[in-house]
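Please examine the structure shown below. The paragraphs that follow lead through a helix, its aromatic residues and several further side-chain arrangements.

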Amino acid sequence: ALLGAVLAANGLPTLRQLFWIAVAMVGARSTAMAFNRIVDREIDARNPRTSTRAIPAGALSVGFVWIFTLVAAAIFFLAAAMLNRVTLVLAPVALASVLLYSFTKRWTLLSHLVLGWCLAIAPTGAWIAVRGALDSPVPLLLSLVVLLWTAGFDVLYSCQDYDFDVAEQLHSVPRTFGIARSLWISRALHAAAFTALIALYLTTKLGALALAGVIATGALLIYQHRLVKADDLSRLNAAFFRTNAFVSVILCLTFGAAVIIRMFS
């Protein structure tokens with residue numbers, strides 16, 4: 001989202017825009033995460049990996065989490081309204097998307113792509129928040145990178161729930177294709193994400209610093225997949241949490257800095 005805003009502004013957005021974009025990000029994510037915990041509370045309680053989450057563990061009541069969800073959603077709509085009319089009009093689409101995701105694993109193996117769509121809203125939403133219009137392929141390419149990258153690492157992450165998904169008859173790529181084939185599907189999604197990232201770089205023409213970000217991202221994606229093997233998922237959390245955090249930060253810093261350098265050149 002922050003990179004989308006910087007690209008839209010061809011430099012630094014106003015502090016007001018950055019503030020309300022950040023508030024919108026926190027509001028939308030908090031709504032989605034809390035709603036997901038409510039909807040999945042019974043499934044989470046039966047899954048050893050998630051049984052320690054707040055609701056099944058009894059740390060928070062369902063009523064409290066409902067209140068939190070509604071407050072977070074209200075904050076998201078407030079932030080959208082404070083940005084511009086287009087963001088406010090599109091806000092229900094974004095919120096409906098992140099809420100819908102919580103149900104998708106019950107009826108489709110494409111839930112990984114739906115999650116990718118939910119995160120992919122952020123950069124294009126931030127672009128619209130700054131410009132008030134979708135007037136370039138740049139945010140769409142960045143959103144495509146996010147969609148494919150997210151779907152790829154979600155397939156990878158869900159491999160650890162293979163046995164549980166089979167027992168509960170929940171839909172996922174690993175349950176449908178098995179862990180070994182799912183690792184290849186994850187690699188294919190990340191290869192497609194990297195291709196979209198190259199297209200973004202060629203479209204923005206941001207020079208050597210952005211190219212360094214592209215190369216670093218590619219290296220991290222390769223490293224991520226070298227950590228995980230079909231018969232050894234012990235390093236999956238390292239692949240999922242650490243590597244993906246580095247990818248998002250590196251892209252934001254390299255592409256963002258390249259935009260600012262071009263602004264002053």
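**Helix H7 and the aromatic pairs**

In this predicted model, helix H7 is mostly covered, with 19 of its 21 residues buried. The helix comprises residues 138–158, and its end C-alpha atoms are 30 Å apart, which agrees with the 30 Å that its 21 residues should span at 1.5 Å a residue.

The structure holds five aromatic pairs. One of them is formed by Phe35 and Trp66, whose rings lie 6.0 Å centre to centre with 70° between the planes, an edge-to-face arrangement. This pair links distant parts of the chain, since Phe35 belongs to helix H2 (residues 15–39) and Trp66 to helix H4 (residues 62–83), 31 residues apart. Phe35 is buried because its relative accessible area is 11%, under the 20% limit. Trp66, at 37% relative accessibility, counts as partly exposed.

Within helix H7, the ring centres of Trp149 and Phe153 are 5.3 Å apart and their planes stand at 80°; the pair is therefore edge-to-face. These two residues are four residues apart, about one turn of the helix. In an α-helix there are 3.6 residues a turn, so residues three or four places apart point the same way. Both Trp149 and Phe153 are buried.

Ring pairs also join Phe35, Trp66 and Phe103 into a cluster. A further arrangement involves a charge: the charged end of Arg187 sits over the ring of Trp184, 4.4 Å from its centre.

Finally, Thr217 is located in helix H11 (residues 207–227). With a relative accessibility of 4%, Thr217 counts as buried. Beyond its neighbours within four places in sequence, Thr217 is in contact with Leu197, Val247, Ile250 and Leu251.

Definitions and conventions. Residues numbered from 1 in each chain as written. Heavy atoms only, no water. Expected span 1.5 Å × (residues − 1). Buried < 20%, exposed > 50% of the residue type's maximum accessible area, 1.4 Å probe, protein only. Contact = heavy atoms within 4.5 Å. Phe/Tyr/Trp six-rings, centres within 6.5 Å; stacked < 30°, edge-to-face > 60°. Lys NZ or Arg CZ within 6 Å of the ring centre and 35° of its normal.
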